[in-house]
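Subject: Handing over a structure

Dear colleague,

I am passing on to you the structure below, which you have not worked with before. Please have it open while you read, since the notes that follow go through it part by part.

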Amino acid sequence: MTEAASLDRGQSHTTGAGLRVEFHDPTGTRYGFPTFPFDGAPAGLATRRQLRAAGLRPNGFDPVAQILWRHRSQRRVAYLYQLDLAAPKRTATPAQRAAITKALRARRTCPTCGLVKPYYIPRRHGECLDCHGGDTP
């Protein structure tokens, strides 16, 4: 069987350099999108997770390539964005931070006794564990 025939049937082929040909398509002819194998992305491209770790965001731009790999029996994908087009992550304003603090405190406040607990009030009971009694689920 030729290499091209095996690739058409979805089988992978490893070159002498250890590159999986199945997921190496830098021109996008096979997958319709530039595709690279796991750990094979070119410099200047990063995943969302890598952008976030660097304090950046995609800035509204669409992905320019993808990484494909197999995990167990599923094919996984991660989209790649250009680093030079990424922008710094936005930070919350003081008013937004105050609203978040107020909302989180409300989740810890029991509506029955009015005490602020060190845990979130269970939604299934609607009150703190002390007011609920804790003897029935």
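Helices (H or I, at least four residues) and strands (E, at least two) are taken here as DSSP runs, numbered from the N terminus. With that convention, Thr 47 is found in the loop between β2 (45-46) and α2 (48-53), and I shall come back to this residue below.

Some points on the source come before the rest. This is a predicted model, in which local features need pLDDT of at least 70 and side-chain atom pairs count only at pLDDT 80 or more, while totals for chains, interfaces and linings use all residues. Residues are numbered from 1 along each chain as its sequence is written, and side-chain values use heavy atoms, with hydrogens and water left out.

As to confidence, pLDDT (the predictor's confidence in each residue, from 0 to 100) has a mean of 84 for the protein chain, with 82% of its residues at 70 or more. Confidence is lowest in helix α1 (residues 3-8), where the mean is 42, and highest in helix α3 (residues 94-108), where it is 97. Please read the start of the chain with care: over residues 1-10 pLDDT stays under 50, and for this stretch the model has 13 contacts (heavy atoms within 4.5 Å) beyond four places in sequence.

Turning to the sheet, two strands are said to pair if DSSP finds at least two bridges between them. Four strands form an open sheet of mixed pairing, in the order β1-β4-β5-β2, and its edge strands are β1 and β2, each of which pairs on one side only. Strand β1 (residues 35-37) is parallel to strand β4 (residues 65-71), with three bridges between them, and there Phe 36 stands opposite Ile 67. Strand β4 in turn runs antiparallel to strand β5 (residues 74-82), to which seven bridges join it, and on this side Ile 67 stands opposite Ala 78. The hairpin of β4 and β5 has two residues between the strands, and Arg 72 takes a positive phi near 55 degrees in it. Finally, β2 and β5 run antiparallel and are joined by two bridges, with Gln 82 in β5 as the bridge partner of Leu 45.

Several of these residues return in the largest nonpolar core, a core being a set of buried Ala, Val, Leu, Ile, Met, Phe, Trp, Tyr and Cys residues joined through side-chain atoms within 4.5 Å. This core has six residues, namely Phe 36, Leu 45, Ala 65, Ile 67, Ala 78 and Leu 80, and β4 and β5 each supply at least two of them. Leaving aside neighbours within four places in sequence, Leu 80 is in contact with ten residues that include Phe 36, Leu 45, Thr 47 and Ile 67.Which residues does Thr 47 touch, again without its neighbours within four places in sequence? They are Ile 67, Ala 78, Tyr 79 and Leu 80, and Thr 47 counts as buried, at 15% relative accessibility (buried means under 20% relative accessible area, exposed over 50%, partly exposed in between, with a 1.4 Å probe and protein chains only).

One further feature is the edge-to-face aromatic pair of Phe 33 and Tyr 79, at 6.4 Å centre to centre and 70 degrees between the planes, where rings of Phe, Tyr and Trp (its six-membered ring) pair if their centres lie within 6.5 Å, and planes under 30 degrees apart count as stacked, over 60 as edge-to-face and the rest as tilted.

With best wishes
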